[in-house]
Amino acid sequence: MRPINKGTWPTKNNSTKKKVFNDWTRAISILKQRTGLYCHLCEMKMNSGFAIEHIKPQESYPQLKSHWSNFLLICPYCNSHKLATIPKKYKETYFWPHLNNTLLVFDYEQIFPHIKPSDSLTRIQKKRANNLIELYGLRKEATSDGSADTRWIEKLKAYKMAIDRRLEYQSGMNQSVNAIVDLAVQSGFFSIWLKVFEDIPLIRTDLIQRKEFHLLNTNCFDNSLQLQPRTTNDL
């Protein structure tokens, strides 16, 4: 899962006065500008149709319905799959892409790109990671009516594309680093591309540094672009 940095609460006309989000959809354009055109949870590329996720539901926490810290930018599919009411101690119950280095938290299975907790996590940390996966149905292949989950379809496409580009690159075919990373930008699912190319430094570095993914301001990488905990109490 790609970590994101929403930045500080937006202000009015470069003043110190915070913007008021009585219509929280007005936060969408700011979040797109600051974090890119990707769902904060499943990482699917979206040009339009984004929704604002209230981490703590506005029905239960009306005082937070317009609060910047309570917003995530998500696709309509993740928005419709939320399965539970968030507990008060949500930071201790789940891992979040705006708070934790989720590239250290989540990994993928070997054969298919099913998201899973990283093997390096403790038992309690794996429970937190699984809580988020289950909360938004991030491992679902089908919806309740039996049709294929759009997120799964798009993820499989991105995974196949990344695998094909890797094979072509390794075989010496004319696949430039820029062309490969351009495809990653277009297809979304950054963490899948990073996983597929994790042992090819040129491509890995370009993926991390590509401005469309907005990763260099997340404090998730050290000076050598190796993963690091986001804060002292991250993991």
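A search of the whole structure, which is a predicted model, finds 11 salt bridges. Side chains of opposite charge can pair when their charged atoms come close. Several of these pairs are described below, followed by the packing of two helices and by the surroundings of three further residues.

One of the salt bridges joins R210 to D182, with the closest N and O atoms 2.7 Å apart. This pair connects distant parts of the chain, since R210 belongs to the segment after α9 (201-209) whereas D182 sits in helix α7, and 28 residues separate the two. The partners also fall into separate accessibility classes: R210 has a relative accessible area of 13% and is therefore classed as buried, the limit for that class being under 20%, while D182, at 33%, is partly exposed.

A salt bridge is also found between the side chains of K195 and E198, where the N to O distance is 3.8 Å. K195 is partly exposed, with a relative accessible area of 28%, and E198 is likewise partly exposed, with a value of 45%. These two residues do not stand apart from other charged groups, because D107, K195 and E198 are linked in a network of salt bridges. Elsewhere, the side chains of D119 and K116 meet in a salt bridge with an N to O distance of 3.4 Å. The acidic partner of that pair, D119, has a relative accessible area of 56%, and because the exposed class begins over 50%, D119 is counted as exposed.

Two packed helices are described by the angle between their axes and the distance between the axes. For helix α6 (residues 150-170) and helix α7 (residues 177-187), the axes come within 10 Å and cross at roughly 175°, so that α6 runs roughly antiparallel to α7. The residues that meet across this pair are A158, M161, R165 and Y169 on the α6 side and V177, I180, L183 and S187 on the α7 side. Sorted by class, the contact of α6 with α7 comprises 6 nonpolar, 1 polar and 1 charged residues. Helix α7 thus appears in two of the settings described here, because it carries D182, the partner of R210, as well as the residues that meet α6.

A contrasting case among the charged residues is K56, which lies in the loop between β1 (51-54) and β2 (71-74). K56 is buried yet has no salt bridge, and the nearest side chain of opposite charge, that of E92, is 8.2 Å away. Because a salt bridge requires a nitrogen to oxygen distance within 4 Å, the separation from E92 leaves K56 unpaired. Beyond its neighbours within four places in sequence, K56 is in contact with Y61, L64, N70, I86, P87, K88 and Y90.

Another lysine, K19, is located in the segment before α1 (27-35) and counts as partly exposed, at 32% relative accessibility. When residues up to four places away in sequence are set aside, K19 touches W9, P10, T11, K12 and I30. K19 and H67, although 48 residues apart in sequence, are 9.9 Å apart in space, C-alpha to C-alpha.

Finally, I124 lies in helix α5 (residues 123-135) and is exposed, with a relative accessible area of 57%. The C-alpha atoms of I124 and G137 are separated by 20 Å, the two residues being 13 residues apart along the chain.

Terms used. Residues numbered from 1 in each chain as written. Predicted model: local features only at pLDDT ≥ 70, side-chain atom pairs only at ≥ 80, totals over all residues. Heavy atoms only, no water. Helix = DSSP H or I, 4+ residues; strand = E, 2+ residues; numbered from the N terminus. Buried < 20%, exposed > 50% of the residue type's maximum accessible area, 1.4 Å probe, protein only. Lys, Arg positive; Asp, Glu negative; His and termini not counted. Contact = heavy atoms within 4.5 Å. Axes fitted to C-alpha atoms, helices over the stretch in contact; angles between N-to-C directions. Parallel < 35°, antiparallel > 145°, perpendicular 65-115°, else oblique. Nonpolar A, V, L, I, M, F, W, Y, C, P; charged D, E, K, R; others polar.
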